Structure formats: structure tokens, C-alpha cells
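Dear colleague,

I am passing on the structure below, together with some notes on what was found in it. Please read the notes with the structure open beside them.

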Amino acid sequence: MTDVPGSLIVFQQRFPDEASCAAYLAAVRWPQGFVCPRCGHTKAWLLQTKAWTYECAGGRKQTSVTAGTILHASKLPLSLWFWAAYLMATHSNGISAGQLRQQLALGSYKTAWLLCAKLRASMVAPDRSPLAGLVEGDQTEIACRSKYDPPTGGGRRHRRHRRHQGKILVVGAVAVEDSGAGLGRIRLQEVSDYSADSLHPSLAANLALGTTAKTDGWSGYPGAPGVNHDPRTIGKMAAHVVPPSTHRVFANLKAWALGVYHGLRRKHLQSYLDEFVFRFNRRRHRHAGFRSLLGIAAGHPPLAYKMLISPEATA
Ligand SMILES: [Zn+2]
């Protein structure tokens, strides 16, 4: 009942209307049947006057099936949210607001953009676990583009001077699986510069205590609390060789940024990095992303449009 369909055809058959989407939300939330969040009563009726809202037979408390998800209090149909989350979760490269507007025949670009922004905001689970074990860490620069710039290519690294004019600075961490055989989970974070003061909080936020971090030996890395540092000091010509996993991730990130978004802008950068990380970490099971995107069981508070366009106002 609560599994996620593996194809568009099955998805369409599974969620043909509002009632089927509401039933799915109720089943995910109350697998054993309705339970009142206030008094624990299991007897309730669906209100005729409010969409997809139960009223408890005990205390008359009203509970919507969308409460606690990103669909809550939205004027858009549930089925539209379901389609948007499904398309965004299953497209291997994601989907831009313009593409979503076209695919779902949305009335305005603003509606499409808001849908995308809300789905993207669900991509960081509040309880996600930090990377652990052996982790490669490295930094890169991405050429950013302004509103008026034509789309440009990814940035060149300046390893000796660490210059960053017109660039977005990003640190990346990649968990190394099976002693280097495969790429595990990743994390990407925007930083203001490559000093220890900027790098250490990023390491602390993304790596578990006792993690061994392999880096290129840049002086900003050593000394991060709780992290065993394993510097691989290398000459400037060897930048593309070590550490290899992070370089693969950075190359993918830059190709993705160009392909889907025609280059990234400084504004909202972290949310795009989060989207890339979300996609990368679920590349082997894309459908699993559908539920996370709707905010189901993740406990995301509903986001207002204002918060999305200026996240710093609420930080
Ligand atoms: Zn109750």
C-alpha cells in the first residue's frame, strides 16, 4: 500500500485522483489505521467541509492527512504535488522549474519554481547521519554566473594561490567504501574561504567523530576536532590524481550544474548542492526519494514562500 511505483504508467494508475493521494498519505501516517495525535482515539470521521481532514470522535480534534508534510495548507491539488515529487525523484538529473511547468502544464513559472524550491528544501533530512569511516575531503571552485551572464563552464582550480574571484567555493567529502572500491555517500558545502576557520565547522557538521579524512594536505584541514587527518601532500600537477573520488564527484557536479541549470548562481547555491547530494546518495534507488521529497515522516515544518526566497532571514 505504501510502496512507491517503479514506472510512470504504474504511478498514474496508482494515483489517478485526489482521493488516492490522500489515502496514501493516511496509510503512511497511520499504518494501523487512524490514531488521534491528541488523545489516541482510533475512532474518527472524514469531514465533509474540509479536504482530507479527520475529526476525532473523542475530543473533536481535527487532523489533516497533509499535516507535517510539505503539502500542508497548499492550494495546489495533492496529485500535482505527487507528480512533481515523483518526476523530481526519478529523473536521473532532476528537473528544472521550467521543465516542471511544461510537464505538469502549470499556470505560472512562479508556481513551478515554488514547487521545486519546496521539494528541494525537503532534500536534507533533519536526522541524516554524518559520514564515517574513511572519508576523502577536497575543495573546488565553480564559476558562478549572474542573472545576465551567459552560461559558462566549470571553474579551474588554482591550487597554489586559492584565488576565488567570481567563483563559488565548495568543499566536498566522499565516504570511501571497501577500501577504495566504490563511492559511498557524499556531502557538499559552500564555504566563504579555505581557512581552517571555515573548513573545520564544515568537517564537524558532516563527519562523525573518529572519521579518518584523507585530503591533499592543504593547511586548512588539520586540527579539526574529532577527525583523524591523513594528508596526502601532492605536487600541483597531481591535482587530478589525488584524491580521486572527490574529483569524480566534483566533475559530475559541474557537468550537472551546466546541463540542468546552465550554471549555478550564488543565490540559493547550498540548496542546489543539497539537491546534487540527495540525488547522488540515492543514485541506486531513486524511487526511495519520492517520500522524502513530500516531507513524509521527515518532520519538516511547512515552509513559507518568504522563507524560501530569503533563507538567511530565518537562520
Ligand atoms: Zn482525539
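The notes below take up the cores, then a helix, and then two hairpins.

This is a predicted model, in which local features need pLDDT of at least 70 and side-chain atom pairs count only at pLDDT 80 or more, whereas totals for chains, interfaces and linings use all residues. Residues are numbered from 1 along each chain as its sequence is written.

The largest nonpolar core (a set of buried Ala, Val, Leu, Ile, Met, Phe, Trp, Tyr and Cys residues joined through C-beta atoms within 7 Å) has 31 residues, of which Val 135, Val 174, Leu 188 and Leu 207 touch the most other members. Two or more residues of this core come from each of β4 (134–143), β5, β6, α6, α7 (244–261) and α8 (269–281), and the largest share, seven residues, is that of β5. Helices (H or I, at least four residues) and strands (E, at least two) are DSSP runs, numbered from the N terminus. A residue counts as buried if 20 or more other C-beta atoms lie within 10 Å of its own, as exposed if 12 or fewer do, and as partly exposed in between, with C-beta atoms placed from the backbone.

Once neighbours within four places in sequence are left aside, the contacts of Val 135 (C-beta atoms, placed from the backbone, within 7 Å) include Val 174, Leu 207 and Ala 213. A second, separate core of 27 residues includes Ala 85, Met 88, Ala 89 and Ala 112.

In helix α6 (residues 196–206), the buried residues are Leu 199, Ser 202, Leu 203 and Asn 206. They lie on the same side of α6 because they cover an arc of only 100° around the axis, the arc being that of the directions from the helix axis to the C-beta atoms. Asp 197 and Ala 205, on the other side of α6, are exposed. The buried residues of α6 pack against β5 (167–177), β6 (182–190) and β7 (212–215).

Strand β2 (residues 53–56) has Tyr 54 and Cys 56 on its covered face, and Thr 53 and Glu 55 on its uncovered one. Strand β1 (residues 44–46) runs antiparallel to β2 and is joined to it by three bridges (strands pair if DSSP finds at least two bridges between them), with Leu 46 opposite Tyr 54. Six residues separate β1 and β2 in their hairpin, and Trp 52 in the turn has a positive phi of about 50°. β2 also pairs in the antiparallel sense with strand β3 (residues 62–64), over three bridges, and here Glu 55 stands opposite Gln 62. The hairpin of β2 and β3 has five residues between the strands, and in it Arg 60 takes a positive phi near 65°.

With best regards

Key. Two residues are in contact if their C-beta atoms, placed from the backbone, lie within 7 Å.
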